[in-house]
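Q: Could you take me through one part of this structure in close detail, and then show me how other parts of the chain compare in their surroundings? I would like one connected walk rather than a list.

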Amino acid sequence: MTYKATLDWMFSQLPMYQRQGKIAFKKDLTNTLSLTAHLGNPHQKFKSVHVAGTNGKGSTSHMIAAVLQEAGYKVGLYTSPHLKDFRERIKINGNCISEKEVVQFIKNNKTFLEQQKLSFFEMTVGLAFDYFAKQKVDIAIIEVGLGGRLDSTNIITPEVSVITNIGFDHTQMLGNTLPEIAFEKAGIIKKGIPVVVSERQPEVQNVFLKRSEELAAPIYFAEDEVTEDYKSDLLGLYQQKNSKAAVQTLLVLRKQGFKISDKEIKKGLLEVVNNTGLLGRWQTLGHNPLIICDTAHNKEGLTYVLKQLAEQVFEKLHIVIGVVNDKDLSSVLPLFPKNAMYYFCRPDIPRGLDADELRIEASSFQLNGLSYLSVLQALNAARSNTKSTDLIFVGGSTFVVAEVV
């Protein structure tokens with residue numbers, strides 16, 4: 001099969017949470033364990049850092065990887081979802097896995113994958129672990145896909161576990177309260193393995209303290225441990241919390257024998273985009289007018305982004321927005337400013353919410369504008385309707401941002 005045919009097979013034949021929603025979520029690790037056994041247990045052949053959380057886990061993973069690369073290590077990085085190309089999910093030192101490697105893995109294992117009825121996410125985790133083992137990475141930063149306890153990545157025994165901000169997202173799978181969601185994230189904590197929690201959130205800190213005590217896992221709250229504010233080339237205000245989580249994780253790795261200097265930590269945090277290729281985090285897409293996009297898509301993430309947006313200098317604000325159809329709009333739409341012009345659109349995935357539905361729902365929160373057939377149509381309409389002193393923001397969903405970066 002060609003690379004395109006391989007991806008088409010992966011995407012269309014097998015459920016994928018990002019495209020189809022709850023149907024793709026499997027509450028079981030049996031499939032992943034059977035796949036890794038079939039592959040010769042590649043996840044046991046490299047060291048790793050495991051990163052969970054509702055917000056910030058992607059940025060934190062990239063920060064850790066960027067610094068370890070700066071320190072001279074061969075670093076695997078597994079993240080999801082991708083923005084432009086599936087291969088973004090699996091990188092070594094910022095370079096995506098090759099199309100040939102993806103095609104070969106599916107070709108070699110297709111019969112097994114079909115027999116076991118593995119999900120898109122399960123087979124992708126198997127591909128990543130197999131690739132990292134074959135390429136003999138020094139360490140891999142593994143981002144959880146969904147939740148933690150029952151996520152396909154949760155078969156690794158990492159050097160350190162990391163848990164970033166906890167918020168309301170994927171509640172139909174993870175629970176309707178913050179402690180319930182935190183319990184699922186805490187599932188990545190392993191016996192005797194240090195865990196770094198980015199912040200002390202009053203509603204959930206006891207969940208992590210209890211779990212770490214049960215497993216005799218040393219716990220560090222990064223906001224207590226890291227007093228310095230580190231600068232990063234990731235410019236969102238929310239990145240300050242992520243950088244502290246990354247720094248504390250790196251300090252734990254240093255205790256375990258990794259050679260990482262203070263200078264390398266500071267330089268790596270300033271080279272996250274260059275070292276890892278991260279996209280879509282408070283990213284500038286254009287000037288005159290200033291165009292900014294961000295992948296924040298839930299209440300906690302959007303609160304930070306919209307606060308930062310309000311601090312920008314502009315004459316008029318234009319917001320291009322689209323969401324997925326399982327989004328709790330009553331929790332996110334009230335966060336958006338009423339004095340902006342809105343351009344409603346639908347991200348080009350099966351679970352994208354119809355733009356007219358979004359417009360009607362938004363109007364009940366006094367957010368007014370027109371709906372468009374695509375993200376690019378909406379952005380082009382915003383561009384044609386602005387002055388150089390205006391600001392255009394594009395967001396609401398990772399998948400909206402994916403179409404403009």
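A: Happily! Let's begin with helix H6, which covers residues 120-134: its 15 residues, at 1.5 Å a residue, should span 21 Å, and the C-alpha atoms at its ends are indeed 21 Å apart, so expectation and model agree. Please keep in mind that this is a predicted model. Of the 15 residues in H6, 14 are buried, so the helix is largely enclosed by the rest of the structure. After H6 comes Lys136, which has a positive phi, near 55°.

What surrounds a helix like this? The largest nonpolar core has 36 residues, and Met10, Tyr78, Phe86, Ile90, Phe129 and Phe132 are those with the most contacts inside it. At least two residues of this core come from each of helix H1 (3-13), strand S3 (90-92), helix H5 (99-116), H6 and strand S5 (139-143). H6 gives the largest share, 10 residues.

Phe129 is a good residue to zoom in on. Setting aside neighbours within four places in sequence, Phe129 is in contact with Thr36, Pro42, His43, Phe46, Ile142, Thr153, Ile155 and Ile156. There is also a second, separate core, with 34 residues, and Met63, Val67, Tyr230 and Leu250 are among them.

Leu250 takes us to a helix pair. Val247, Leu250, Leu251 and Arg254 in H11 meet Asp262, Ile265 and Leu269 in H12. Sorted by character, the residues of this contact between H11 and H12 are five nonpolar, no polar and two charged. Helix H11 runs over residues 239-255 and helix H12 over residues 262-269; they pack at an angle of about 145°, and their axes are 11 Å apart. The crossing of H11 and H12 is right-handed.

While we are in H11, have a look at Lys244, which also has its place in that helix. Lys244 has a relative accessible area of 16%, and because buried means under 20%, Lys244 counts as buried. Leaving out neighbours within four places in sequence, Lys244 is in contact with Ala222, Val226, Thr227, Glu228 and Asp229.

Now for Ala52, which sits in strand S1 (residues 47-52). Ala52 is buried too, with a relative accessible area of 0%. Neighbours within four places in sequence aside, Ala52 is in contact with Lys57, Val144, Gly147, Val162, Ile163, Thr164, Lys185 and Ile188. From Ala52 to Pro337, 285 residues apart in sequence, the distance in space is 30 Å, C-alpha to C-alpha.

Two further residues complete the walk. Glu403 lies in the segment after helix H18 (398-402), and its relative accessibility of 25% makes it partly exposed. Apart from neighbours within four places in sequence, Glu403 is in contact with Lys84, Pro347, Asp348, Val375 and Leu376. Glu403 and Thr276 are 127 residues apart along the chain, and their C-alpha atoms are separated by 20 Å.

Ser364, for its part, is in the loop between helix H16 (355-363) and strand S13 (369-371). With 46% relative accessibility, Ser364 also counts as partly exposed. Ser364 and Pro334 are 30 residues apart in sequence, while their C-alpha atoms are 9.7 Å apart in space.

Key:
Residues numbered from 1 in each chain as written. Predicted model: local features only at pLDDT ≥ 70, side-chain atom pairs only at ≥ 80, totals over all residues. Heavy atoms only, no water. Helix = DSSP H or I, 4+ residues; strand = E, 2+ residues; numbered from the N terminus. Expected span 1.5 Å × (residues − 1). Buried < 20%, exposed > 50% of the residue type's maximum accessible area, 1.4 Å probe, protein only. Axes fitted to C-alpha atoms, helices over the stretch in contact; angles between N-to-C directions. Left-handed = near helix turned anticlockwise from the far one by under 90°. Contact = heavy atoms within 4.5 Å. Nonpolar A, V, L, I, M, F, W, Y, C, P; charged D, E, K, R; others polar. Core = buried A, V, L, I, M, F, W, Y, C linked by side-chain atoms within 4.5 Å.
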